[in-house]
Amino acid sequence: MATLARTGSPLDGWTRAEYDADGRTHDIYRRGTGPGVIVIHEIPGMTPEVIEFADEVVAAGCTVVMPHLFGDPGRELSAGYAAAIVPQLCVSKEFTTFATGRTSPIAGWLRSLSRSLHDELGGPGVGVVGMCFTGGFALAMMVDDSVAAPVVAQPSTPFAIGRRRSADLALSPDDLAAVKARAAGGCPVLGLRYAGDRATGTRFATLHRELGDAFTAVEFPGSKHATLTAHRQQEGVDAVLAFLRRRLEVDA
């Protein structure tokens, strides 16, 4: 691994490496000590706001790994940047954007990353924070026993066009059954969203129905979107950090 030079980039202090698994290769960025947490960026990519949130998880006493799945690491958010990324995701074979009852193929790579991090660091398991387009990835990764603290922030796939897609959790039937079994066995799920955010559809109702008391929702008034980043709510950030500390047994 090579530590990035300090050039004023939001990624100063992070270490970049490649991770190969499941026939795929992606860069990962790592920082911190303590139990492992995987922070998966939203559309359009690993923006400064995403990195700032990840730095807070590091400061809370965790080893954070950020996979780079699309976009330009460190690039500022803009409407044009986001608009350019969405069509690329729609044609990518790694992501499922419109189909219901399917898990995105990238889940295999992400589960491997979680297992590797847990094997290295030990402890109760790994935390996962998915956001927006990647929000549901935390559920897909929860199929693996290495994940102990899944956080679903404004899950937005499949794209909420029509009633069926709006309610879908982007999981295959087998994966949904595995998630329900893990939740029933004592692995809770934390979710965050703005109550009027149309991108999340009715997925929180689905999560309440499928997971019952194992699903805790933190909801905010209004129709904004990015609870932990661009439209950050401190209450949401605090809830995520507390959840990770409790589930991963982070030293105070």
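A polar contact is a pair of N or O atoms within 3.5 Å, where, within protein, one atom must be able to donate a hydrogen and the other to accept it. Keep that idea in mind as we walk through this structure, which is a predicted model.

Let us start with Asp144, where the definition is put to use. The side chains of Asp144 and Arg115 are joined by a polar contact of 2.6 Å. Asp144 sits in the loop between α4 and β7, the strand that covers residues 147-153. With a relative accessible area of 14%, Asp144 is buried, because the term covers residues under 20%. Once its neighbours within four places in sequence are set aside, Asp144 is in contact with Arg111, Arg115 and Arg182. Arg115 therefore appears twice in the surroundings of Asp144, as a contact and as the partner in the polar contact.

From here we can turn to the empty space inside the model. How many cavities of 30 Å³ or more does a search of the whole structure find? The search finds 1, and the largest cavity has a volume of about 50 Å³. Its lining is made up of Thr103, Ser104, Ile106, Ala107, Leu110, Gly136, Phe137, Ala140 and Ala170. Two elements, α3 (106-121) and α4 (137-142), each give two or more residues to that lining. Of the elements, α3 gives the most, with 3 residues. Sorted by character, the lining of the largest cavity holds 6 nonpolar residues, 3 polar ones and no charged ones.

One residue of this lining, Thr103, leads us to another place to look. Thr103 is in contact with Ser172, as are Gly101 and Arg102, when the neighbours of Ser172 within four places in sequence are left aside. Ser172 belongs to the loop between α5 and α6, the helix of residues 173-184. Is Ser172 buried or exposed? At 18% relative accessibility, Ser172 counts as buried.

Next comes the largest pocket, which holds about 260 Å³ of space. Its lining has 16 residues, and those nearest its centre are Glu42, Ile43, Pro44, Cys132 and His225. The lining of the largest pocket divides into 9 nonpolar, 5 polar and 2 charged residues.

Several of the residues nearest the centre of the pocket deserve a second look. The peptide bond from Ile43 to Pro44 is cis, with omega near 10°. Pro44 itself lies in the loop between β4 (36-40) and α1 (48-59). A cis peptide bond also joins Thr157 and Pro158, where omega is about -5°. Pro158 is found in the loop between β7 and α5, the helix of residues 163-167.

Cys132, also among the residues nearest the centre of the pocket, has a positive phi of about 60° although it is not a glycine. Its place is in the loop between β6 (126-131) and α4, and Cys132 is buried, with a relative accessible area of 9%. Asp22 also shows a positive phi, near 55°, and is likewise a residue other than glycine. You will find Asp22 in the loop between β2 (15-21) and β3 (24-31). Asp22 is partly exposed, at a relative accessible area of 48%.

Since Cys132 is a cysteine, it is natural to ask about disulfides. How many disulfides does the count come to? The count is 0. Why is Cys90 not in a disulfide? The sulfur of Cys90 is 12 Å from the closest cysteine sulfur, in Cys132, which is too far for a bond, because a disulfide needs two cysteine sulfur atoms within 2.5 Å. Cys90 counts as partly exposed, at 30% relative accessibility.

Our last stop is Phe204, in helix α7, residues 203-211. Phe204 is buried, with a relative accessible area of 2%. Leaving out residues up to four places away in sequence, Phe204 touches Val152, Pro155, Gly191, Leu192, Arg193, Phe215, Ala217 and Glu219. One of these, Val152, falls within β7 (147-153), the strand that follows the loop of Asp144. Measuring across the model instead, Phe204 and Met66 are 138 residues apart in sequence and 25 Å apart in space, C-alpha to C-alpha.

Definitions and conventions. Residues numbered from 1 in each chain as written. Predicted model: local features only at pLDDT ≥ 70, side-chain atom pairs only at ≥ 80, totals over all residues. Heavy atoms only, no water. 1 Å grid on protein atoms, 1.4 Å probe; cavity = no way out; pocket = protein on both sides within 12 Å on 5 of 7 lines; lining within 4 Å. Points joined across faces, edges and corners; volume = space filled by probe spheres on them. Helix = DSSP H or I, 4+ residues; strand = E, 2+ residues; numbered from the N terminus. Nonpolar A, V, L, I, M, F, W, Y, C, P; charged D, E, K, R; others polar. Buried < 20%, exposed > 50% of the residue type's maximum accessible area, 1.4 Å probe, protein only. Contact = heavy atoms within 4.5 Å.
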